[in-house]
Amino acid sequence: MQKKRILRLCCAVLMVSLSACEYEDDFPAGVGEGNIEAIVLNEGRIGTNMGAISVLYRNGMVSPDVFRVVNNRPLGDVAQSITMINGKYFIALNNSKKIEIVNSKTFESEGTILYTQAGLPRQIVAISDTTAIVSDILSNNVSGVDLPSQLVRIRTVPPYGTPLEYIVIRKWVEYMEVSEHKLLGITAKGVYVFDLDNITLEGSRMIEEVYNEEVTKTCKLLKDKNGKIWALMNERDKGKLTAILLKCIDPQTEKVVTTYRLPFVSKNEAKEGDVTGTISYNRTDMDATKTLIYFSVRTCKPGLPNDSQQSIYTLNTDDGTFKLHRHVPGVDMMYGCGVSPQGEVYICDCLDYSAQRGYIRHYKESGNVESYRVGIYPNQVYFPESSEVQ
């Protein structure tokens, strides 16, 4: 019996060692600065401390968990978002209740902001040279009752420390954007609007025409080249999805000024390539010109009128035209999407959501697809070049 226990223990240690080596062996030691193609944030399965930063290098190499290798410790639990502020990566780690600040060249930790009260950090936007606001999933809407939620103000220059302020609000804010000296945050009941010098519940306004729901809460608010804010919504008729709506808010007037509609074709009537519906937990992004919005839909498969595939569409915000960008068959668990400065789409494919390492699918302009194995549940792609082209 004792021998069996020792054997089982040895096997467990070996499995852990092999799992750790899988990450460390992929680390492309010696790859220099300027060779990074993209940064990928991986959520990691909750409770496993497997949130990770993956690095895609232009020579084809991948470092799936660079923070762990460089700092000899895990990044944290449930990595929600990565934001570049003052040349550093600010990473919101939901279940760890912290913000990790990471050097964008060496990936060394430069500080940690730990929550001192309840909260689950979501997304971070800078509102000045020294401070940022974190959207926070403090509570959810239960049985129609609005429970308190919050925004959190943090310091974005050293010395980093505990949050500067917890701001109580009524609605759960997912994604945010800053424009015209205002902070906009989308909720299930509308879009909050705050003046940057008065981010309080008392000073807030609500634009009720634009809101998210469970299946669109992962769509970012997007700021175009004119400073207007765009949001993707699903149109419903008696509960049935009938179209995708892209609505434009003028932050100066705090009103919806434009709505573009992409209708769905009934599956029974659809022809190859027709848009038949949307996907759950859609992701959105904008190109480097801040003109084209990229989003995902379901389209009719070739020769299979009652079956669908995933496809990427664009909206030209200058003239309101929708256009098929490309089909992405075989990707059913799109957990994130990003558009490179060159206009190429990268999709985070978490496979079957079984806590295995996912893939980044890079859809090249040539029509080829390149796949990179990254961390568990990849959910966001950031392009270092994007800070150079703005």
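This note sets out some points on a predicted model, going from single residues to ring pairs and then to enclosed space.

1. R58 is a convenient place to begin, and its position is in the loop that runs between β2 (52-57) and β3 (62-63). With a relative accessibility of 45%, R58 is classed as partly exposed, because that value falls between the 20% below which a residue is buried and the 50% above which a residue is exposed.

2. As for the surroundings of R58, once its neighbours within four places in sequence are set aside, the residues in contact with R58 are N35, I36, E37 and E385. For one of these, E37, the C-alpha to C-alpha distance to R58 is 5.3 Å, although 21 residues separate E37 and R58 in sequence.

3. N42 belongs to strand β1, which covers residues 36-42. The relative accessibility of N42 is 0%, and N42 therefore counts as buried. The side chain of N42 is joined to the side chain of S54 by a polar contact of 2.8 Å.

4. Turning to the aromatic residues, the structure contains 12 aromatic pairs. In the pair formed by Y89 and Y382, the ring centres are 5.7 Å apart and the planes meet at 80°, so the arrangement is edge-to-face; the reasoning needs just one cut-off, namely that planes over 60 degrees apart are counted in that class. Since Y89 lies in strand β5 (residues 88-93) and Y382 in strand β29 (residues 378-382), the pair ties together parts of the structure that are 293 residues apart in sequence.

5. Y89 and Y382 are both buried, and together with F107 they make up one aromatic cluster. A further ring, that of Y335, has R283 lying over its face, at 5.2 Å from the ring centre.

6. What is the count of cavities of 30 Å³ or more? The count comes to one cavity, and the space in the largest cavity is about 30 Å³, a value to be read alongside the 30 Å³ used for the count.

7. Which residues line the largest cavity? The lining consists of E37, R58, S340, P341, Q342, Y346, F383 and E385. R58 thus returns here as a lining residue, and E37 and E385, which also appear in the lining, are among the residues in contact with R58. A reader inspecting the cavity may wish to keep in mind that R58 is partly exposed, at 45% relative accessibility, and that R58 sits in the loop between β2 and β3.

Terms used: Residues numbered from 1 in each chain as written. Predicted model: local features only at pLDDT ≥ 70, side-chain atom pairs only at ≥ 80, totals over all residues. Heavy atoms only, no water. Helix = DSSP H or I, 4+ residues; strand = E, 2+ residues; numbered from the N terminus. Buried < 20%, exposed > 50% of the residue type's maximum accessible area, 1.4 Å probe, protein only. Contact = heavy atoms within 4.5 Å. Polar contact = N/O pair within 3.5 Å; in protein donor to acceptor, adjacent residues only side chain to side chain. Phe/Tyr/Trp six-rings, centres within 6.5 Å; stacked < 30°, edge-to-face > 60°. Lys NZ or Arg CZ within 6 Å of the ring centre and 35° of its normal. 1 Å grid on protein atoms, 1.4 Å probe; cavity = no way out; pocket = protein on both sides within 12 Å on 5 of 7 lines; lining within 4 Å. Points joined across faces, edges and corners; volume = space filled by probe spheres on them.
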